[in-house]
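Welcome! Please take a look at the sequence and structure below, and then let us walk through a few of the helices together.

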Amino acid sequence: MLDAAIWTACACFVVALFVLLRKSKVSGAPLPPGPKPIPFLGNVLDLTPKELWLPASQWAKQYGSIVYVHVLGYGIVFLNTAEAAVELLDKRGSIYSDKPSLIMCGEMCGCKNMVAFTPYGEQSKRQRKLMHKAFGLPVIPTYYPLLQTETHSFLRRLVAEPAEYMKHIRRYSGGLTLSVVYGYEAVSNDDEFLGLAEECVGILANRIASGGGIWPVDVFPFLQHIPTWMPGAGFKRNAIKWRRKMEEFVNRPYEFVKNCMKSGEYKRSFCSNLLEDEGIKAVDDFEFDLKWSANSMYSASIDTTLTTVSHFILAMMLHPEAQRKAQEELDRVVGTERLPTFADRASLPYVESVFKESLRWAVPVPLSLPHRLMEDDMYNGMFIPKGTLIFGNIWTMLRDETLFPDPEAFRPERFMEEVSPEMERKRNPQNYVFGFGRRECPGLHLVDSSIWLLMVSMLSTLNISKAVDEHGRIVEPVVKFENPIFRTPSLFKCDMRPRSQKALSLIKQSEIHTA
Ligand code: HEM
């Protein structure tokens, strides 16, 4: 039997040597500053499994725009200002767009072909091109009718069962992507494909990729060869189980499209359109790319949307004055005889500010997703070693007091102020929350339309307020953030009800208009 203490001692020695060698290779240039590591293990104790963005923002205050830590020899950099993120992730994108190739996550659990994990190169470029076909800016208006139908169905489910709002948002976001990507219609909140996505994204975010996704086997690759039955090989047994789930997640919806196409009865979708496109089909690895790109869009859309919309509900509940102002604007511009549409957007500046402030306040993916540096690099006289994982610290950027005074406050008015075009660009949360450079989120244009319509439709028809218990006392929301990647609030109690009888009948009638 292997002695765990010996393993640990060997591990520590190799790691210490690795770190020392990395540093001394360069002509004395220092690494970026950061919290003091402990011998051998580095900053392992500084990296909290939950809400890592909180200590990361403290380090930003202490050490500045770029912070370096290391865990078991793996360098990790946090970029804390937009300037640093744009300079490195965007302008030097040719060496900052790779993804960590992790043995546990990529190889053993089979996630290496998901777009968010694909190394920078031909495959990632082909996959991103395919995704651009589905969700690039020019195609978004073609989804307006679908977005409207899905939003109205969401409102009807919400007024019928307001306490189940999280499930309804999950169904809305998953259902929308299932429809666009696979032509599949989710039939209930308990739909099998929605359940599969919830389970698999949960495993991915909370288990496989938790803590930056670095497992001991990533540092000591020989561990992947130890027998599965051995004590300490639990990670191997888990990997087998999780890999099976991930394969099911990728294959089942895709097989659904192919079977429907064979039978001749199918709804047009991203997959069916491309499967019928003879020109694209001729490209090598087409089917492989299609299957993984489809899955990547599906898996990436659900928790991100859920996080953003739950924060919006929380914000409206905690800030009734912002809600009232948005509703006054809607009543003035749209009136109470119809539901809002995309045509109203330009005439609703306050609602637009609520949308922007919700994104800024929520920061759905606070540390973005890690990029991997492909070559040694220098930044402002500091050395960043090849292989370092780079996190864009979006949380800190969107809490920057010079851009957003009183940053914890939810204050849509900040976006109503007259500022220079340069300042407007700097303060637009949409330039941050979707990440940076060549791996920027490909779903950003869809989100700009889908979440906007969802919010504006809720504001125009519902009052959102704190819940009241059976004794008539107001229930103050208690929110926790358990997910290490997405800042998803835990389920909180709230009261959502139609603003008026007229609003309720508009919601109900929307089914007739859709049918
Ligand atoms: C509010 C909603 C969303 C937010 C805040 C969000 C945010 C992000 C962020 C921060 C990244 C990492 C970017 C980077 O590595 O620099 C990302 C990547 C990604 N997102 Fe989104 N996202 C959202 C919705 C969506 C949707 C609806 C889709 C579906 C099309 C999507 C698909 C993806 C994919 C496939 C990647 C990986 C891209 C790559 O590595 O090349 N996201 N997203």
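## A short tour of some helices

On the other side of helix H6 from its buried residues, Glu122 and Lys125 are exposed. Keep in mind that this is a predicted model.

Which residues of H6 are buried? They are Ser124, Gln127, Leu130, Met131, Ala134 and Phe135. These residues lie on the same side of H6, because they cover an arc of only 130° around the axis. As a general point, an α-helix has 3.6 residues a turn, so residues three or four places apart point the same way. The cover over the buried residues of H6 includes helices H8 (165-182), H12 (270-275), H14 (286-318) and H19 (444-461).

Here are the spans of two of these helices.

| Helix | Number of residues | First to last C-alpha | Expected at 1.5 Å a residue |
|---|---|---|---|
| H6 | 14 residues | 20 Å | 20 Å |
| H8 | 18 residues | 25 Å | 26 Å |

For H8, the distance between the end C-alpha atoms agrees with the expected span. H8 is also mostly covered, with 15 of its 18 residues buried. Just after H8 comes Gly183, which has a positive phi of about 65°.

Now for H14 and its contact with H16. The axes of H14 and H16 (residues 349-362) come within 9 Å and cross at roughly 110°, which means that H14 is roughly perpendicular to H16. In this contact, H14 contributes Thr307, Thr308, His311, Phe312 and Ala315, while H16 contributes Ser358, Leu359, Trp361 and Ala362. Five of the contact residues are nonpolar, four are polar and none is charged.

Conventions. Residues numbered from 1 in each chain as written. Predicted model: local features only at pLDDT ≥ 70, side-chain atom pairs only at ≥ 80, totals over all residues. Helix = DSSP H or I, 4+ residues; strand = E, 2+ residues; numbered from the N terminus. Expected span 1.5 Å × (residues − 1). Buried ≥ 20, exposed ≤ 12 C-beta atoms within 10 Å, placed from the backbone. Arc of directions from axis to C-beta. Contact = placed C-beta atoms within 7 Å. Axes fitted to C-alpha atoms, helices over the stretch in contact; angles between N-to-C directions. Parallel < 35°, antiparallel > 145°, perpendicular 65-115°, else oblique. Nonpolar A, V, L, I, M, F, W, Y, C, P; charged D, E, K, R; others polar.
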